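I opened a new notebook page for this one. My plan was to go from the overall layout to single residues and jot down what turned up.

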Amino acid sequence: MGENLPRSRLDIFQTLDNFVVSTTCDHQLTGCASLHLYHARLAEIRSLGINPKWHGEGHGTALIKHLLSKAQQLDVEEVLVLTRAPGFFEKLGFERVSKSDYPKKIDKDCQHCPRRDCCDETALRIRFD
């Protein structure tokens with residue numbers, strides 16, 4: 001699916017509580033992802049990564065479904081994701097949207113991205129009724 005964008009060690013430490021992991025029955029780490037809250041209505045799924053050994057085994061889907069459930073428990077109205085694998089998220093009910101619909105996200109996170117001027121990520125969201 002590609003690699004995650006670089007994040008500083010400090011940023012990872014400050015958001016560590018936002019991460020969830022997936023494991024096998026014998027406790028092998030298979031993947032991780034995080035849920036970042038922007039405000040009461042909007043969250044973003046970030047840093048989804050699955051060990052290539054475990055691709056196609058449902059670990060990514062399980063992580064996303066868990067984070068969507070967590071977002072619903074927090075009464076978040078919509079969850080955003082920026083990805084280079086939009087098909088994966090579309091299969092889970094996400095719809096494509098314009099990145100320009102989320103200027104605060106772009107201002108906060110994209111200004112330090114090495115791909116800022118040639119972004120190849122697709123924005124998708126899922127809304128809860």
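**Layout.** I read the elements off from the N terminus and got the order α-β-β-β-α-β-α-β-α-β. That is 4 helices and 6 strands in the protein. A reminder to myself: this is a predicted model. Next I looked up burial, and buried residues make up 40% of the 129 residues. I also checked how far along the chain the contacts reach. Among contacts with a separation of 6 or more, 65% are between residues 24 or more positions apart.

**Helix α2.** I picked α2, residues 59–73, for a length check. At 1.5 Å a residue, its 15 residues should span 21 Å, and the end C-alpha atoms are indeed 21 Å apart, so the two agree.

Which residues of α2 are buried? I noted His59, Gly60, Leu63, Ile64, Leu67, Leu68 and Ala71. The spacing made me recall a rule: an α-helix has 3.6 residues a turn, so residues three or four places apart point the same way.

Then I asked what covers the buried residues of α2. The cover includes the strands β1 (19–23), β2 (29–39), β3 (42–50), β4 (78–83) and β6 (122–127), along with the helix α3 (86–90).

**The cores.** I went looking for the largest nonpolar core and found one of 23 residues. Ile45, Leu48, Ile64, Leu68, Val79, Phe89 and Phe94 have the most contacts inside it. Two or more residues each come from β2, β3, α2, β4, α3 and β6. The biggest giver is α2, with 5 residues.

I followed one core member, Val79, outward. Leaving out residues up to four places away in sequence, Val79 touches Leu35, Ala43, Ile45, Leu68, Ala71, Phe94, Leu124, Arg125, Ile126 and Phe128. There is another core apart from the 23-residue one. This other core has 6 residues, including Leu80, Leu82, Tyr102 and Ala123.

**Strand β6.** Is β6 enclosed or open? I found 5 of its 6 residues buried, so β6 is largely enclosed by the rest of the structure.

I then looked up the strands that pair with β6. With β4 the pairing is antiparallel, over 6 bridges. As an example from that pair, I wrote down Leu80, whose bridge partner in β6 is Arg125. Strand β5, residues 95–97, also runs antiparallel to β6, joined by 3 bridges. Here my example is Arg96, which has Leu124 of β6 as its bridge partner. For the margin: in a regular strand the side chains alternate between the two faces of the sheet.

**Positive phi.** Most residues other than glycine have a negative phi. I searched for exceptions and kept two for this page.

One is His27, with a positive phi of about 70°. It sits in the loop between β1 and β2. His27 counts as exposed, because its relative accessibility is 67%.

The other is Asp75, not a glycine either, with phi near 60°. Asp75 comes just after α2, in the loop between α2 and β4. At 62% relative accessibility, Asp75 also counts as exposed.

**Asn51.** I stopped at Asn51, which lies in the loop between β3 and α2. Is Asn51 buried, partly exposed or exposed? It has 33% relative accessibility, so I filed Asn51 as partly exposed.

What does Asn51 touch away from its own stretch of chain? Not counting residues up to four places away in sequence, Asn51 touches Leu29 and Thr30. Thr30 is 21 residues apart from Asn51 along the chain, yet their C-alpha atoms are separated by 5.3 Å. I also checked the Asn51 side chain, which reaches the backbone nitrogen of Lys53 at 2.8 Å.

**Cysteines.** Last lookup of the day: how many disulfides does the structure hold? I counted 0. For context, a disulfide is a covalent bond between the sulfur atoms of two cysteines. I still noted where two cysteines stand. Cys25 is exposed, because its relative accessible area is 82%. Cys32, at 24% relative accessibility, counts as partly exposed.

How values were computed:
Residues are numbered from 1 along each chain as its sequence is written. This is a predicted model: local features need pLDDT of at least 70, side-chain atom pairs count only at pLDDT 80 or more; totals for chains, interfaces and linings use all residues. Side-chain values use heavy atoms; hydrogens and water are left out. The expected span of a helix is 1.5 Å times one less than its number of residues. Buried means under 20% relative accessible area, exposed over 50%, partly exposed in between (1.4 Å probe, protein chains only). Contact means heavy atoms within 4.5 Å. A nonpolar core is a set of buried Ala, Val, Leu, Ile, Met, Phe, Trp, Tyr and Cys residues joined through side-chain atoms within 4.5 Å. A disulfide is a pair of cysteine sulfur atoms within 2.5 Å. A polar contact is a pair of N or O atoms within 3.5 Å; within protein, one must be able to donate a hydrogen and the other to accept it, and residues adjacent in sequence count only if both atoms are side-chain atoms. Two strands pair if DSSP finds at least two bridges between them.
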